[in-house]
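Here's a quick briefing on how a protein meets two DNA strands, plus a look at a pocket and a loop. Have the structure open as you read.

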Amino acid sequence: MQYWLIKSEPNVYSWEMLVQEGSTCWSGVRNYQARNNLRLMRSGDLALHYHSNIGKEIVGIAEVVREAYPDPTAEGDPNWVCVDVAPKQAFVRPVRLEDIKAEPRLQKMELIRQSRLSVVSVREDEFNLLCAMGEMA
DNA sequence: GCCAACGTTGGC
DNA sequence: GCCAACGTTGGC
């Protein structure tokens, strides 16, 4: 089982919309490194859902329910893929970027090191700590 | 609104 | 293959 963090701007696609829809295709990724991460996702993997720009916080956990397939928004361009995700559990208390930056044990997160990448992997210890910070554990 | 950090594009 | 110019993301 692998852990991930996926970003969306909440005014484009928010956690609330994901909860409302039940599941969605995580489409629109147009960066090769992020695409490679999408391809590595397996059904059952868990992904922290992060709101970029507005909020700047992790708001919940989504589960991968369908592995990589051609991105329907890519207009036939075979380079780009998406996965399907479903909401698994909401954070009681969203974990802000500010909180992550203030936590010494999270300084090595890819989220911090490569802030522009929209799909990044998360280590298990980081994932567990973030869940505890979100009051999930 | 600005800027840092990347990515991409295209001329050479 | 290099690099300048430009575009994008996302934090501040």
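A polar contact here is a pair of N or O atoms within 3.5 Å. With that in hand, take Y50: one of its polar side-chain atoms lies 2.8 Å from a phosphate oxygen of DNA strand C. Keep in mind that this is a predicted model.

**DNA strand C**

- The residues around DNA strand C are K7, Y50, S52, N53, K56, L97, K101, S115, R116 and S118.
- Of the atoms of DNA strand C that come within 4 Å of the protein, 71% belong to sugar and phosphate.
- Sorted by class, the surface near DNA strand C has 4 charged, 4 polar and 2 nonpolar residues.
- N53 uses its backbone: an N or O atom there sits 3.0 Å from a phosphate oxygen of DNA strand C.
- R116 goes for a base instead, with a polar side-chain atom 2.5 Å from a base oxygen of DNA strand C.

**DNA strand B**

- Y32, Q33, Q114 and R116 surround DNA strand B.
- Sugar and phosphate make up 58% of the atoms of DNA strand B that come within 4 Å of the protein.
- By class, the surface near DNA strand B comes out as 2 polar, 1 nonpolar and 1 charged.
- Two glutamines reach phosphate oxygens of DNA strand B: the side chain of Q33 has an N or O atom 3.1 Å from one, and a polar side-chain atom of Q114 is 3.0 Å from one.
- R116 turns up again here, with a polar side-chain atom 2.8 Å from a base oxygen of DNA strand B.
- So which residue should you click on if you want both strands? R116 is listed around DNA strand B and also around DNA strand C.

**The loop between β3 and β4**

- N53 sits in the loop between β3 (46-51) and β4 (57-70), and K56 is in that loop too, as is S52.
- N53 has a positive phi of about 65° although it isn't a glycine.
- K56 is another non-glycine with a positive phi, this one near 50°.
- Is N53 buried or exposed? N53 counts as exposed because its relative accessibility is 54%, over the 50% cut-off.
- K56 has a relative accessible area of 42%, so K56 is partly exposed.
- S52 goes the other way: at 15% relative accessibility, S52 counts as buried, since buried means under 20%.
- What does S52 touch, leaving aside its neighbours within four places in sequence? S52 is in contact with K7, S8, E9 and P10.
- K7, one of those contacts of S52, is also on the list of residues around DNA strand C.

**The largest pocket**

- The largest pocket has a volume of about 330 Å³.
- Two elements give two or more residues to its lining, β1 (3-8) and β2 (24-26).
- β2 gives the most to the lining of the largest pocket, with 3 residues.
- In total, 15 residues line the largest pocket, and those nearest its centre are K7, S8, E9, W26 and S27.
- By class, the lining of the largest pocket splits into 7 polar, 5 nonpolar and 3 charged residues.
- If you want a link back to the loop, K7, S8 and E9 are among the contacts of S52, and they are also among the residues nearest the centre of the largest pocket.

Key: Residues numbered from 1 in each chain as written. Chains lettered and ligands numbered in written order. Predicted model: local features only at pLDDT ≥ 70, side-chain atom pairs only at ≥ 80, totals over all residues. Heavy atoms only, no water. Near = heavy atom within 4 Å. Polar contact = N/O pair within 3.5 Å; in protein donor to acceptor, adjacent residues only side chain to side chain. Nonpolar A, V, L, I, M, F, W, Y, C, P; charged D, E, K, R; others polar. 1 Å grid on protein atoms, 1.4 Å probe; cavity = no way out; pocket = protein on both sides within 12 Å on 5 of 7 lines; lining within 4 Å. Points joined across faces, edges and corners; volume = space filled by probe spheres on them. Helix = DSSP H or I, 4+ residues; strand = E, 2+ residues; numbered from the N terminus. Buried < 20%, exposed > 50% of the residue type's maximum accessible area, 1.4 Å probe, protein only. Contact = heavy atoms within 4.5 Å.
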